[in-house]
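I open the notebook here and set down, entry by entry, what I looked up in this structure.

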Number of protein chains: 2
Amino acid sequence: MTEPLACAQCPVRDRAACASLNDEERRELARSGRTKLLGAGETLFAAGDDNANCATLVTGALKIVSLSPDGTERILSLIHPAGFAGELFAPFTDHDIVALTESRVCLFSRPQFEDAIDRFPKLGAALLRRTQEDLHDARRWLDLAQSGDARHKVGGALMAFAKAASDSPCHPASTFELPLSRAELASLLGLTIETVSRQITRFERDGGIQRHGKRGIELLDPALLAEA
Amino acid sequence: MTEPLACAQCPVRDRAACASLNDEERRELARSGRTKLLGAGETLFAAGDDNANCATLVTGALKIVSLSPDGTERILSLIHPAGFAGELFAPFTDHDIVALTESRVCLFSRPQFEDAIDRFPKLGAALLRRTQEDLHDARRWLDLAQSGDARHKVGGALMAFAKAASDSPCHPASTFELPLSRAELASLLGLTIETVSRQITRFERDGGIQRHGKRGIELLDPALLAEA
DNA sequence: CGCCTAGTTGAAGTTCGTCAAACACTGTGG
DNA sequence: CCACAGTGTTTGACGAACTTCAACTAGGCG
């Protein structure tokens, strides 16, 4: 289930928060961490947990979900490789964090990670930077969620995934795989599965995209999606 | 317009990020800051700015707004006293920050504030904590925005303001003033003015609240608002 | 082959947005 | 003092967009 860290081969070793550390500091932090492999759908942290851990995502993708009392799930955020999962200050988590695909994380106990932040201020600064980016991201999704129009929402989400799939952060990838099912897309956007499906076919009919299989998207006319 | 800081009388001196500093450190930080008084509707930072400043809110309330190309404004977040405004890492801001009511802020130049974080790691940790709380907050609004149902959205917003108005952070205040106009509420929730108005009158008709003037709200049945 | 899940498509019902009018409140000027 | 305009809010009628319900299609795997 869990193994010691092997930072040397880590694919996110110079993008994650720990990239701010020098080799010696990193070794020290690594001693308190473990890597863990999650299967698709497996939950990393559950709402109501005592919030004793935190983690950095190495490969795969996570979702942060809120479950309403009536059982419907809403996706509040996605975590991409090098992203950070967990809250350092709240006594309890109130959201589930679940693997979307098979994922590998670096798991740390919260007290040990807090200790590391105390001793290596650069680590704290790096985490601050990442948290501010997450905040910015959350606000972008909020912006989409408020736009009211389903066409905007789906178009904006497609563009967001196209950008996330590209290596250069600004230009969208011309072809990519959706990381989410229709149901997950719907719960991310506050729509129903059917509406998402209809908007996607509409974009294809209008020549904005071309579908390849269930999840493959080829971007033909980015402008059409960005401002519909 | 701007004056030197007077931390001794500051109403948020033990809740804002600078509360993490001791007296001497605080004095040093204070030398690089200025307080500024904003009239209602005045903008503190504008989208597209070079992002050279950041600020702590002392009194009043701010909103973070995104303006769509078509001119409609969407409120992404509110900033309450002791809250922090500005991004330390992005080269440009892409959201306006505007005063909702007459507000007083502590303004710092970004390089000087970053410098202070470097020298006083506790300040960085405090800011990290605050940013994580902001992130949590943004996700709560996102949760509301996704709920789809206008009744949930308005009910949730009323409860959020009731809690913000109370001294104890968990229990809602039984009577409070809405900090936002109907138009602002609408743009925060992704609804129209009319829908917000209708939902509020519906809550009053159903006995959940009692209105006192345009902005005054008396909370009669919190459970009705929380889970409608 | 048949079941099961994920996705698409269609028809009907509801909610919310749009347009329009009325109302309350404030401040201004006759 | 009152008429008046101006703003913010409420209310109503109507139409469009989304949800709901339901049937149907396409793959994947026993």
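For residue classes I count Ala, Val, Leu, Ile, Met, Phe, Trp, Tyr, Cys and Pro as nonpolar, Asp, Glu, Lys and Arg as charged, and the others, Gly among them, as polar. I note that this is a predicted model, in which local features need pLDDT of at least 70 and side-chain atom pairs count only at pLDDT 80 or more, while totals for chains, interfaces and linings use all residues. Residues are numbered from 1 along each chain as its sequence is written, chains are lettered from A and ligands numbered from 1 in the order in which they are written, and side-chain values use heavy atoms, with hydrogens and water left out.

**DNA strand D**

I looked up the class make-up first and found three nonpolar, seven polar and eight charged residues on the surface near DNA strand D, where near means that a heavy atom of the residue lies within 4 Å of the strand. Among these 18 residues, A:Ala150, A:Thr195, B:Arg182, B:Thr201 and B:Arg211 come nearest. The largest share, five residues, comes from α6(B); helices here are DSSP runs of H or I with at least four residues, and strands are runs of E with at least two, numbered from the N terminus.

I then went through the polar contacts (pairs of N or O atoms within 3.5 Å; within protein, one must be able to donate a hydrogen and the other to accept it, and residues adjacent in sequence count only if both atoms are side-chain atoms). The side chain of A:Thr192 has an N or O atom 3.1 Å from a phosphate oxygen of DNA strand D, whereas A:Glu194 places a polar side-chain atom 3.2 Å from a base nitrogen, and the side chain of A:Arg198 has an N or O atom 3.1 Å from a base oxygen.

**DNA strand C**

For DNA strand C I recorded two nonpolar, seven polar and eight charged residues. From chain B, a polar side-chain atom of B:Glu194 lies 3.1 Å from a base nitrogen of this strand, one of B:Arg198 lies 3.0 Å from a base oxygen, and an N or O atom in the side chain of B:Thr195 is 2.3 Å from a phosphate oxygen.

**Helix α4(A)**

I checked the length of α4(A), residues 150-165: the expected span, 1.5 Å times one less than the number of residues, is 22 Å for its 16 residues, and the end C-alpha atoms are 23 Å apart, which agrees. At the start of α4(A), a side-chain oxygen of A:Asp149 comes to within 3.1 Å of the backbone nitrogen of A:Arg151.
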